[in-house]
Amino acid sequence: MTRTVYVNGDYLPEDEAKVSVFDRGFLMADAVYEVTSVLGGKLIDFEGHAVRLKRSLDELEMAEPCSKEELLEIHRKLVELNGIDEGLVYLQVSRGSDGDRDFVFPSADTTPTIVLFTQNKPGLADSPASRKGAKIISIEDIRWGRRDIKTVQLLYPSMGKMMAKKAGADDAWMIEDGHVTEGTSNNAYFVKDGVIVTRPLSNDILHGITRKAVLRMAAEAQLKIEERLFTIEEAKEADEAFTTSASAFVMPVVEIDGVALGDGTPGPIAKRLREIYLEESMNAAI
Ligand code: PDD
């Protein structure tokens, strides 16, 4: 089945969808994005993603391409047209183009480019990867200083993922000034003596939509949470660890830099949080 994608108001077969070579998303990574998961054909935490998109656009003084209601309609229509039961909706908004390359922003009335497409991922909720747990390595964080804005500058995270693969691992956690910031495409946590530790929100990390939901659910389940800076050495000595993201929900981490955590299998708190998150999110999906 040819995938139907959305580009600037049109629903098109993927091979007919086109964006200008002068688009600033292409030339300058001058674009922001969101990834929303789909379970049971419904969107998980659409509201959170829509609010964060607006914030990213505002921070970069980029125009909103359409209203939240229209965005929801586009998401739903793409899910339906592509028959997605479990998967993801990718959304990207760029500053558009005024038909040339220039470091100066084009005039404020330039039409932004908006693209959405779906990714079909059967088995996303009950994934074999989550049952096995992830092996991670640590790498230096050399990204720019506004990681709270969800831009498409993903070259370094992508390189980090490749470094992990080359080392026989699944993913990388990044370290700045001696402290873990986050994973290449997820927020990072460890658990020691029943306490969940994760880095507090700042411009240094993406304010994960899954992070917010999981921390709320953990608090409701009477689990202790400490939002503070932590080192990779602390994480290596932890009882367990995990990551959160819209694309992998709560993903247990079983090994850091070759050191097995606990008995080297997914920990009980990560497994429980994954279950709670999936159940509650599916109930609230729209
Ligand atoms: N990534 N940190 C980074 C650097 C991320 O790229 C992501 C998400 C997260 C988790 O945020 P959320 O819970 O809102 O998905 C944290 C998406 C999934 C991606 O790039 O595909």
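This report describes the surroundings of a ligand and the pairing of strands in a predicted model.

Residues are numbered from 1 along each chain as its sequence is written, and side-chain values use heavy atoms, with hydrogens and water left out. Because the model is predicted, local features need pLDDT of at least 70 and side-chain atom pairs count only at pLDDT 80 or more, while totals for chains, interfaces and linings use all residues.

**The ligand**

The ligand is surrounded by 20 residues, where a residue is near if one of its heavy atoms lies within 4 Å. Tyr33, Glu182, Ile209, Thr210 and Ala246 are the closest. By class, the shell holds 5 nonpolar, 11 polar and 4 charged residues. Here Ala, Val, Leu, Ile, Met, Phe, Trp, Tyr, Cys and Pro count as nonpolar, Asp, Glu, Lys and Arg as charged, and the others, Gly among them, as polar. Domain 1 (4-120) and domain 2 (128-284) each give at least three residues to the shell; these bounds come from an automatic or database domain assignment.

The table lists polar contacts of the ligand (pairs of N or O atoms within 3.5 Å).

| Ligand atom | Protein partner | Distance |
|---|---|---|
| oxygen | N or O atom in the side chain of Arg52 | 2.8 Å |
| nitrogen | polar backbone atom of Ser185 | 3.4 Å |
| oxygen | polar backbone atom of Ala246 | 2.8 Å |

On its own the ligand has 470 Å² of accessible area, and the protein covers 90% of this (Shrake-Rupley method, 1.4 Å probe).

**The strands**

Helices (H or I, at least four residues) and strands (E, at least two) are DSSP runs, numbered from the N terminus. Two strands pair if DSSP finds at least two bridges between them.

Strand E7 (residues 134-140) runs parallel to strand E14 (residues 249-256), and 3 bridges join them. In this pair, Ile136 stands opposite Ile256. E7 also pairs in the parallel sense with strand E8 (residues 171-176), over 5 bridges. Met174 in E8 is the bridge partner of Ile139.

An open sheet of 6 strands has the order E2-E1-E6-E5-E3-E4, and its pairing is antiparallel. Strand E2 (10-13) and strand E4 (42-43) stand at the edges with a single partner strand each, so one side of each is left without a neighbour in the sheet. E2 pairs with strand E1 (residues 4-7) in the antiparallel sense over 4 bridges. Thr4 has Pro13 in E2 as its bridge partner.

Conventions: A polar contact is a pair of N or O atoms within 3.5 Å; within protein, one must be able to donate a hydrogen and the other to accept it, and residues adjacent in sequence count only if both atoms are side-chain atoms.
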